[in-house]
Amino acid sequence: MINQEDGPLKMYFSILEGKRQPNYLKCKSIPVDIALNSSEEELWKEHDDKMNGFYRNHRCEEVKTSLLDLKIEIAKRMVMHCSFCERKCRVNRMEGERGHCSVLKSRIASDFIHWGEEPEIVPSYTIFFSGCTFNCVYCQNWDISQNPHAGKYIKPQILAEMIGAKIARNVNWVGGDPTPNLGYILDVLRHCQVNLPQVWNSNMYLTKESMKLLKGTMDVYLTDFKYGNDDCAKRLSNAGNYWEIITRNHMISSEQGEMIIRHLVLPNHLECCSKPILQWISKNLKNVKVNVMAQYRPEHKAFEYDDLKHRLKYEEFLKAYRFAEALKLDLTE
Ligand code: SF4
């Protein structure tokens, strides 16, 4: 049995033991002093004021308008000039304008109890959204990530009921990527009451504003740190300015939640990606779990890329794993 008393997921385990609330429940019990029809600028000001005191103790109470309601209202405004992710398409998705991810209303491709995640988080009630902010040429879920029409819309209150009926250790928001669905996810949480940690399972290409909305609602950031430089990110995921955005959001996540960082070792990317990522984590983040993953297999368009068209060799994975061990990273089992 792992001793979790002082580990990287200490808060997560104390929620599971019933010793503390998940962040989103706390967020529902903090009142805000603003009319929700105020300007977006005024809403943000009130939001930031209230978030300043978020981690202080306070009385849990029934409130008329909560901090979570305020976050939902801000997300509704953001979707009208969509800037949930760093592509900043500025389209009005409410009016049917599609941005890079093409997501309009949130659609859920599948939901199930996942037993294949890290030991700390299984069983995990995993909700897969269709659509993604990235276009990874080797995506293993490309049929849903690159097809925003996959799956179906589920009313937030119905999904909240589905969450309440599941036996799991957490709710795991993923895709594709959950980022285009941030407003919808907050709306689902408004209807939830379960004492379950919320897991944000993402490529972390969010804007600073989206990161602020996540603060106080998510408990664990399960991040997918893919590339050690901008060239590989642009060539293989069509994502610009990757390193600056992803390292920034990892720093923010470490301040506002607990973290499990995943790194899928890609064939032929040990020097350019795996090593710089693992070194950066070792230098900049304390008390995080790291999962160095071996399960790369060529999928989708990977066969068109010389570096990615073959499976990962065991020796190559071992080099990445040994490198992480030498850095004394806290590796998942
Ligand atoms: S979430 Fe989609 S529409 Fe919004 S900024 Fe990102 S890619 Fe564009």
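Visitor: Why does Pro 31 count as partly exposed?

Guide: This is a predicted model, and here the label comes from a count of neighbours. Buried takes 20 or more other C-beta atoms within 10 Å, and exposed takes 12 or fewer. Pro 31 has 15 C-beta neighbours inside 10 Å, so Pro 31 counts as partly exposed.

Visitor: Where is Pro 31 found, and what does Pro 31 touch?

Guide: Look in the loop between helix H2 (23-28) and helix H3 (40-52). Leaving out residues up to four places away in sequence, Pro 31 touches Val 63, Lys 64, Thr 65 and Ser 66. Thr 133 is 102 residues from Pro 31 in sequence, and their C-alpha atoms are 33 Å apart in space.

Visitor: What makes the whole chain as compact as a globular protein of that length?

Guide: Some background on the chain comes before that: there are 12 helices and 8 strands in it. The radius of gyration is 19 Å and the globule rule gives 20 Å for 333 residues; the two values are close, so the chain is as compact as a globular protein of that length. The C-alpha trace spans about 60 × 50 × 35 Å along its principal axes. Of the 333 residues, 47% are buried. As for contacts with a separation of 6 or more, 73% of them are between residues 24 or more positions apart.

Visitor: How do you know whether helices H4 and H7 run roughly parallel or roughly antiparallel?

Guide: Check the angle. Helix H4 (residues 67-78) and helix H7 (residues 182-190) pack at about 155 degrees, with 9 Å between their axes. Roughly antiparallel needs an angle over 145 degrees, so H4 is roughly antiparallel to H7. H4 passes H7 in a left-handed crossing.

Visitor: Which residues meet there?

Guide: From H4 come Leu 68, Lys 71, Ile 72, Ala 75 and Lys 76, and from H7 come Leu 182, Gly 183, Leu 186, Asp 187, Leu 189 and Arg 190. Sorted by kind, the residues of this contact are 6 nonpolar, 1 polar and 4 charged.

Visitor: What makes H6 and H7 oblique to each other?

Guide: The axes of helix H6 (residues 156-164) and H7 cross at roughly 60 degrees and come within 8 Å. Roughly parallel is under 35 degrees, roughly perpendicular is 65 to 115, and roughly antiparallel is over 145. An angle of roughly 60 degrees fits none of those, so H6 and H7 are oblique. Their crossing is right-handed. Pro 156, Leu 159 and Ala 160 of H6 make the contact with Tyr 184, Asp 187 and Val 188 of H7. That contact has 5 nonpolar residues, no polar ones and 1 charged.

Visitor: At what angle do H3 and H4 cross, and which residues make the contact?

Guide: Their axes cross at roughly 145 degrees and come within 10 Å, and the crossing is left-handed. H3 brings Glu 40, Leu 43, Trp 44, Glu 46, His 47 and Lys 50, while H4 brings Leu 67, Leu 70, Lys 71, Glu 73, Ile 74 and Arg 77. By kind, they are 5 nonpolar, 1 polar and 6 charged.

Visitor: Why is Ser 254 called buried?

Guide: Ser 254 has 20 other C-beta atoms within 10 Å, and buried means 20 or more, so Ser 254 is buried. Ser 254 lies in helix H10 (residues 242-256). Beyond its neighbours within four places in sequence, Ser 254 is in contact with Met 259, Leu 285 and Val 288.

Visitor: What about Met 204 and Asn 287: buried or partly exposed?

Guide: Met 204 has 27 C-beta neighbours inside 10 Å, and 20 are enough, so Met 204 counts as buried. Asn 287 has 13, which falls between 12 and 20, so Asn 287 is partly exposed. Met 204 is in the loop between strand E4 (198-202) and helix H8 (208-214), and Asn 287 is in the loop between helix H11 (270-284) and strand E7 (289-293). Each is a residue other than glycine with a positive phi, near 65 degrees for Met 204 and near 60 degrees for Asn 287.

Visitor: Which residues does a cis peptide bond join?

Guide: Val 122 and Pro 123, with omega at about -5 degrees. Pro 123 sits in the loop between strand E1 (108-114) and strand E2 (124-129).

Technical notes: Residues are numbered from 1 along each chain as its sequence is written. This is a predicted model: local features need pLDDT of at least 70, side-chain atom pairs count only at pLDDT 80 or more; totals for chains, interfaces and linings use all residues. Helices (H or I, at least four residues) and strands (E, at least two) are DSSP runs, numbered from the N terminus. The radius of gyration is taken over C-alpha atoms; the globule rule is 2.2 Å times the number of residues to the power 0.38. Two residues are in contact if their C-beta atoms, placed from the backbone, lie within 7 Å. Axes are lines fitted to C-alpha atoms, for helices over the stretch in contact, and angles run from 0 to 180 degrees between N-to-C directions. A crossing is left-handed if the near helix is turned anticlockwise from the far one by less than a right angle, and right-handed if clockwise. Ala, Val, Leu, Ile, Met, Phe, Trp, Tyr, Cys and Pro count as nonpolar, Asp, Glu, Lys and Arg as charged, and the others, Gly among them, as polar.
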